[in-house]
Amino acid sequence: MGTLRRAIYTVGKSIRGTGQAMDRLGSTIQGGLRVEEQLSRHRTIMNIFEKEPRIHKDVFVAPSAAVIGNVEIGRGSSIWYSSILRVVNSIHIGSGTNIQDNSLVHVSKANISGKVLPTIIGNNVTIGHFRQVNSAVLHACAVKDEAFVGMGATLLDGVVVEKHSMVGAGSLVKQNTRIPSGEVWVGNPAKFLRKLTEEEMAFIAQSSTNYINLAQVHAAENAKTFDDIELEKMLRKKYAHKDEEYDSMLGVVHEIPPELILPDNILPNKAQMLLLTECFLKLPLGMLGVVTY
């Protein structure tokens with residue numbers, strides 16, 4: 001490291017240390033209203049070997065996820081909590097695809113035959129689904145548009161999952177296997193089980209839409225300020241013991257404050273929004289993004 005660069009680094013380190021000390025002092029002065037923030041060295045998006053991730057501005061990358069190196073992610077996709085995308089050549093992910101919690105996407109610098117194998121994931125793909133238990137692992141493979149990879153599935157080098165096909169949860173797909181369009185494969189090693197039904201194809205398409213919307217909710221939650229969170233706590237406490245039936249007898253109507261109404265592009269179906277909040281009324285507001293009284 002040159003003399004100038006070393007001096008700049010030292011000054012920057014000193015400024016950061018001073019800032020951290022001031023933050024601790026400010027938290028102490030705030031007393032019971034302070035918000036404790038743990039310093040984390042985790043880097044959600046990171047260059048490696050001068051290769052920089054290229055991520056569309058509408059992509060949701062969860063704070064605990066890691067996107068490292070030559071990774072390209074298209075519009076409306078989402079990388080969920082604790083997922084890792086790490087690359088030595090390239091990973092390409094299309095639009096509207098969701099890589100769910102704890103998933104690992106990797107590549108091969110070169111396999112036994114010396115061939116360089118990137119990982120390519122198409123549009124509106126679902127990797128690992130709801131109530132995920134184990135992580136999905138995709139290694140130097142290709143997953144085409146609107147395919148579905150179940151939780152805990154492993155796809156090895158050279159695997160190709162064609163459009164509108166499904167890999168069952170916990171399956172191991174061996175090297176260079178091609179899963180034809182419209183088929184369901186399961187097992188260890190994975191084998192053909194049956195044809196995909198029309199309902200399942202519709203479910204895969206809907207899954208992509210659901211996660212695009214859910215990613216917007218999580219992005220909004222992660223962006224909330226201290227004041228936003230405190231306001232929501234106050235409103236929940238204020239209406240926690242209200243009896244809806246009793247209030248209706250008195251002609252009292254509790255409306256959702258404008259501050260808590262999500263934009264139409266996040267939950268376009270207002271009836272669905274009210275149903276969700278009614279079913280999950282006892283859950284923390286942060287899990288829903290909305291509340292009813």
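These legends walk through several close-up views of a predicted model.

**View 1. An open sheet of 7 strands.** Let us begin with the parallel sheet. Its 7 strands follow the order β2-β5-β8-β11-β14-β17-β20, and their pairing is parallel. The edges are formed by β2 (54-55) and β20 (178-179), each of which pairs on one side only.

**View 2. Where β2 meets β5.** Here we zoom in on one edge of that sheet. Strand β2 runs parallel to β5 (residues 71-73), and 2 bridges join them. Look for Ile55, which stands opposite Ile73 in β5.

**View 3. An open sheet of 8 strands.** A second sheet comes into view here. It is made of 8 strands in the order β3-β6-β9-β12-β15-β18-β21-β22, and the pairing is mixed. Its edge strands are β3 and β22 (190-195), and each of them pairs on one side only.

**View 4. Where β15 meets β18.** Inside the mixed sheet, strand β15 (residues 148-149) and strand β18 (residues 166-167) run parallel and are joined by 2 bridges. Phe148 stands opposite Met166 in β18.

**View 5. His106 and its neighbours.** You will find His106 in strand β10 (residues 104-106). Is His106 buried or exposed? It counts as buried because its relative accessible area is 14%, and the cut-off for buried is under 20%. The His106 side chain reaches the backbone oxygen of Arg86 at 2.8 Å. Leaving aside residues up to four places away in sequence, His106 touches Arg86, Val87, Ile91, Thr119, Leu138, His139 and Ala140.

**View 6. The largest nonpolar core.** In soluble globular proteins, nonpolar side chains tend to be buried together. In this model, the largest nonpolar core has 37 residues, and those with the most contacts inside it are Leu85, Leu138, Val143 and Leu155. Two or more residues come from each of the elements β3 (60-61), β5, β8 (91-93) and α2 (198-222). Apart from this core lies another, of 5 residues, among them Phe148, Met166, Leu196 and Ile204.

**View 7. A closer look at Leu138.** Which residues does Leu138 touch, not counting residues up to four places away in sequence? They are Leu104, Val105, His106, Thr119, Ile121, Ile127, Val143 and Leu155. Two of these names may be familiar from the previous view: Val143 and Leu155 are, with Leu138, among the residues with the most contacts inside the largest core. His106 is also on the list, which links this view to the buried histidine in strand β10.

Conventions:
Residues numbered from 1 in each chain as written. Predicted model: local features only at pLDDT ≥ 70, side-chain atom pairs only at ≥ 80, totals over all residues. Heavy atoms only, no water. Pairing = 2+ DSSP bridges. Helix = DSSP H or I, 4+ residues; strand = E, 2+ residues; numbered from the N terminus. Buried < 20%, exposed > 50% of the residue type's maximum accessible area, 1.4 Å probe, protein only. Polar contact = N/O pair within 3.5 Å; in protein donor to acceptor, adjacent residues only side chain to side chain. Contact = heavy atoms within 4.5 Å. Core = buried A, V, L, I, M, F, W, Y, C linked by side-chain atoms within 4.5 Å.
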